[in-house]
Structures are given as structure tokens and as C-alpha cells.
Amino acid sequence: MDPLSLIAAIAFFGYIAVVIVSITVEIITEWFRARGRIKAENSDAIAFSLAERIANKDYAKVGGVFDKTPAAATTRVVQGFFDQRTGRVVEARALASTRQPGPEVVRHHAAGRGLVVYS
């Protein structure tokens with residue numbers, strides 16, 4: 001899965017609510033765990049997070065998702081499930097925060113150049 005395909009899929013997903021929180025690995029993984037049925041019912045679904053910005057470092061432009069987010073949000077991440085077979089985002093949410101993200105969030109997204117796939 002490349003970030004450009006994922007960005008295109010997110011663009012067609014529609015409105016995604018923006019939640020203002022301090023973004024940590026625990027917050028990200030808890031959301032995935034609460035939606036474990038998606039992966040259980042769809043073996044083609046991939047859990048992902050795509051950073052538009054992490055701690056003021058820009059990675060990818062995610063058009064339309066963060067348009068109404070305060071410009072002060074230093075971290076902006078979309079997380080969700082992407083169906084490889086259909087090329088569509090099954091479920092997603094946007095996270096934006098002015099607080100410093102957790103160090104693991106910074107490290108994982110930097111290593112993946114903004115994209116992290118969870119197994």
C-alpha cells in the first residue's frame with residue numbers, strides 16, 4: 001500500500017471527525033482493538049495510520065480531512081482500515097493535537113515516512 005493510493009481512498013471516504021487529543025500509541029491501538037471485528041470479518045483489511053504532520057514535520061497532504069482543523073495542530077494523523085481488494089477505506093478517523101505526540105508515534109511515522117501499517 002503506497003501513501004498516494006491511501007490518500008486517494010481517504011478523499012472518497014467523506015467526512016471524518018477530528019478528535020483533539022494527545023496522540024499516543026495507546027490511543028491509536030485502542031481504537032484498532034475496539035474495531036477488531038473489521039479485520040476478523042475482512043482478511044483484506046489493513047490497519048494503518050497516515051501522518052499529514054507529526055510534531056510539526058510534514059509528511060503527506062491529506063486533502064479535505066483537516067481543512068477545518070485549527071492551524072495550531074502540530075500533529076495530524078488519519079487512522080483506519082483500508083481494504084486492499086476494493087481500494088476503499090472501510091472505517092477511519094482523524095486525530096489532531098497541539099500537544100507533543102508520544103515518542104513511539106513520532107518514531108514509527110518517521111521510519112515509515114508518514115505511513116504505518118499495523119499487523
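This report describes the nonpolar cores, aromatic pairs, salt bridges and internal cavity of a predicted model.

**Nonpolar cores**

The largest nonpolar core holds 17 residues, and within it Leu 6, Ile 10, Phe 48, Leu 50 and Val 78 touch the most other members. At least two residues of this core come from each of α1 (3-13), β2, β4 and β5. Strand β5 supplies the largest share, 4 residues. A second core lies apart from this one; it has 13 residues, including Trp 31, Ala 45, Ala 51 and Phe 81.

Ile 10 deserves separate mention. This residue is found in helix α1, and its relative accessible area is 2%, so Ile 10 is buried. Although Ile 10 and Arg 88 are separated by 78 residues in sequence, their C-alpha atoms are 7.7 Å apart in space.

**Aromatic pairs**

A pair of aromatic rings is described by two quantities, the distance of the centres and the angle of the planes. Over the whole structure, 4 aromatic pairs are found. In one of them, the ring centres of Trp 31 and Phe 32 lie 5.6 Å apart with the planes at 70 degrees; the pair is therefore edge-to-face, since the angle is over 60 degrees. Trp 31 and Phe 32 are both buried. For Phe 32 the relative accessibility is 10%, and this residue counts as buried because the value is under 20%.

Phe 32 also pairs with Tyr 118. The centres of these two rings are 5.0 Å apart and the planes stand at 50 degrees, so this pair is tilted. Because Phe 32 belongs to helix α2 and Tyr 118 to strand β6 (residues 115-118), the pair ties together parts of the chain that are 86 residues apart in sequence. Tyr 118 has a relative accessible area of 21% and is partly exposed. Taken together, ring pairs join Trp 31, Phe 32, Phe 81 and Tyr 118 into a cluster. Two members of this cluster, Trp 31 and Phe 81, are also among the residues of the 13-residue core.

**Salt bridges**

The model contains 6 salt bridges. Three of them are set out below, with the distance from nitrogen to oxygen.

| Residue | Partner | N to O distance |
|---|---|---|
| Glu 91 | Arg 35 | 2.7 Å |
| Arg 85 | Asp 44 | 3.2 Å |
| Lys 61 | Glu 52 | 4.0 Å |

The salt bridge between Glu 91 and Arg 35 links distant parts of the chain: Glu 91 lies in strand β5 (residues 88-97) and Arg 35 in the loop between α2 and α3 (36-41), 56 residues apart. With a relative accessible area of 23%, Glu 91 is partly exposed. These two residues also belong to a network of salt bridges, in which Arg 35, Arg 37 and Glu 91 are linked.

Arg 85 and Asp 44 form a further salt bridge between distant parts of the chain. Arg 85 is in the loop between β4 (75-83) and β5, while Asp 44 is in the loop between α3 and β2 (45-54), and 41 residues separate them. Arg 85 is exposed, at 61% relative accessible area, whereas Asp 44, at 25%, counts as partly exposed.

In the salt bridge of Lys 61 and Glu 52, the two partners fall into opposite accessibility classes. Lys 61 is exposed, with a relative accessible area of 59%. Glu 52 has a relative accessible area of 4%, and is therefore buried.

**Internal cavity**

The structure holds 1 cavity of 30 Å³ or more, and the space within the largest cavity is about 30 Å³. Its lining is made up of Val 25, Ile 28, Glu 104, Val 105, His 108, His 109 and Tyr 118. Helices α2 (25-34) and α4 (103-111) are the elements that each give two or more residues to this lining. The greatest contribution, 4 residues, is that of α4. By class, the lining comprises 4 nonpolar, 2 polar and 1 charged residues.

Tyr 118 connects this section with the account of the aromatic pairs: its side chain belongs to the cluster with Trp 31, Phe 32 and Phe 81, and the residue is also part of the cavity lining. Helix α2 likewise appears in both settings, as the location of Phe 32 and as a contributor to the lining.

Technical notes. Residues numbered from 1 in each chain as written. Predicted model: local features only at pLDDT ≥ 70, side-chain atom pairs only at ≥ 80, totals over all residues. Heavy atoms only, no water. 1 Å grid on protein atoms, 1.4 Å probe; cavity = no way out; pocket = protein on both sides within 12 Å on 5 of 7 lines; lining within 4 Å. Points joined across faces, edges and corners; volume = space filled by probe spheres on them. Nonpolar A, V, L, I, M, F, W, Y, C, P; charged D, E, K, R; others polar. Salt bridge = Lys/Arg side-chain N within 4 Å of Asp/Glu carboxyl O. Buried < 20%, exposed > 50% of the residue type's maximum accessible area, 1.4 Å probe, protein only. Core = buried A, V, L, I, M, F, W, Y, C linked by side-chain atoms within 4.5 Å. Phe/Tyr/Trp six-rings, centres within 6.5 Å; stacked < 30°, edge-to-face > 60°.
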